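User: Could you take me through the surroundings of the ligand in this model, strand by strand? I'd like one connected account rather than a list.

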Amino acid sequence: MRLLILSRNVTLYSTSRLVLAARSRGHEVTVADPLDMRIVVSKGRPSMFLGARPVEHFDLVIPRIGASITNYGLAVVRQFDMMGVPVLNTAVAIARSRDKLRAMQLLTKKDLDVPVTVCARSPDSVEQALAVVGGTPVIVKLQQGAQGIGTMIAETPQAVTSLLETLWAMGQDIFLQEYIAESKGRDFRAIVVGGRVVAAMRRQARRGEFRSNLHRGGIGLEAELDPRYVRAAVQATKVMGLEIAGVDMLESRIGPKILEINSSPGLEGIERATGRDVAGAIVAHAERYVLRRASASKRRDVVIEEERRPRRLKPEVLSTPAKRRIS
Ligand SMILES: Nc1ncnc2c1ncn2[C@@H]1O[C@H](COP(=O)(O)OP(=O)(O)O)[C@@H](O)[C@H]1O
Ligand SMILES: [Mg+2]
């Protein structure tokens with residue numbers, strides 16, 4: 001098949017591994033920087049240009065959209081969606097998972113566990129917010145952080161107040177989160193591809209650091225996940241609507257607590273820690289996905305989930321509260 005990888009740089013480990021894995025399975029691969037693409041919105045004929053030339057036909061797009069280009073990157077992915085090209089992952093699913101608060105709202109709605117999280121926007125509510133998350137130390141997070149940047153720890157209520165006031169003044173969306181002390185700087189990263197965990201590692205933060213991100217000096221070692229953690233990772237990925245994901249989970253006394261779901265998980269750390277061919281698993285899933293999509297689209301038009309019109313409520317649902325108000 002003809003595969004397009006959207007990535008800012010072909011020399012990045014993850015991008016080059018995907019290219020090699022796809023070529024070794026006999027596919028034709030192109031890598032393009034999403035920022036070089038021009039989106040043309042036109043009635044009945046959405047299209048995309050790379051320089052002066054229209055983008056040719058691809059069977060599948062794998063977007064690797066980093067946090068720094070989220071908005072434009074997502075617009076490009078959405079355009080491929082509109083053009084009927086299968087994308088792994090879809091723009092809607094990437095956007096859902098990238099907003100950590102939105103992701104946690106969806107996870108808890110489906111009964112998945114997360115650290116208790118409070119979002120507030122007024123200095124007066126800090127005391128109550130702290131009480132809900134179990135006091136200090138407390139985690140303060142940017143809604144859209146990545147690679148450990150944007151995740152902070154505050155040891156005292158005074159530190160929380162000054163941190164929040166500073167971040168609010170800078171226009172940042174933030175939330176407070178229960179600090180899971182028993183995880184001791186360790187967490188699990190599970191890579192889920194096509195509804196299966198294909199690799200998992202335990203990450204340990206370096207000394208004096210609570211964040212286990214490899215970008216922050218953490219180390220990763222292959223891990224055998226307990227079935228509860230496998231289930232949590234797979235379900236969390238499904239709730240987001242992602243086909244490929246890196247799920248970060250803390251080990252709490254009562255089981256897995258999901259921290260976040262990454263839609264473009266880095267492959268270097270996990271492949272080195274586990275020796276597993278994660279890039280190969282992604283390409284193998286891409287092949288199955290294209291076949292499945294082809295047979296599905298024969299049966300029905302593919303509708304992009306959040307772009308449907310809201311369903312009409314049944315008349316009895318609408319009339320009940322009004323009746324109650326009158327009586
Ligand atoms: N509530 C928490 N309790 C304990 N450790 C946490 C908590 N939230 C985050 N961490 C640590 O910080 C790291 C980064 O947090 P995460 O939410 O995954 O942000 P990022 O997107 O920057 O990776 C996690 O991998 C974990 O080691
Ligand atoms: Mg993380």
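Analyst: Here is the ligand site, followed by the strands behind it and a short detour to other parts of the chain.

A bit of housekeeping: this is a predicted model, so local features need pLDDT of at least 70 and side-chain atom pairs count only at pLDDT 80 or more, while totals for chains, interfaces and linings use all residues. Residues are numbered from 1 along each chain as its sequence is written, and chains are lettered from A and ligands numbered from 1 in the order in which they are written.

The protein chain splits into domain 1 (2-91), domain 2 (116-179) and domain 3 (183-285), with bounds from an automatic or database domain assignment. Ligand 1 draws on two of these: domain 2 and domain 3 each give at least three residues to its shell. There are 23 residues around ligand 1, and Pro115, Thr151, Ile180, Arg211 and Ser212 come nearest; a residue is near if its C-beta atom, placed from the backbone, lies within 6 Å. By class, the shell has 9 nonpolar, 9 polar and 5 charged residues (nonpolar covers Ala, Val, Leu, Ile, Met, Phe, Trp, Tyr, Cys and Pro, charged covers Asp, Glu, Lys and Arg, and polar is the others, Gly among them).

Now for the strands. At least two shell residues come from each of β8 (138-146), β9 (149-154), β10 (174-178), β14 (244-252) and β15 (255-262), and β8 gives the most, with 3 residues. Strands here are DSSP runs of E, at least two residues long, and helices are runs of H or I, at least four, both numbered from the N terminus.

β8 also pairs with two of the other contributors. It runs antiparallel to β9, joined by 5 bridges, and antiparallel to β10, again over 5 bridges; pairing takes at least two DSSP bridges between the strands. Ile139 has Ile153 as its bridge partner in β9, while Leu142 is matched with Ile174 in β10. On β10 there is another antiparallel partner, β7 (residues 117-118), over 2 bridges, with Thr117 opposite Gln177.

The backbone gets interesting at both ends of β8. Leading in, the loop between α5 (126-132) and β8 holds Pro137, and the peptide bond from Thr136 to Pro137 is cis, with omega near -5°. Leading out, β8 and β9 form a hairpin with 2 residues between them. Gln147 sits in that loop and has a positive phi of about 55° although it is not a glycine. For context, most residues other than glycine have a negative phi, and most peptide bonds are trans.

That cis bond has company elsewhere: Leu88 and Asn89 are also joined by a cis peptide bond, with omega about 15°. Asn89 lies in the loop between α2 and α3. The axes of α2 (residues 70-82) and α3 (residues 91-98) come within 8 Å and cross at roughly 150°, with axes fitted to C-alpha atoms over the stretch in contact and angles running from 0 to 180 degrees between N-to-C directions. That makes α2 roughly antiparallel to α3, a label for angles over 145 degrees (under 35 is roughly parallel, 65 to 115 roughly perpendicular, the rest oblique).

As for domain 1, its C-alpha centre lies 36 Å from that of domain 2.
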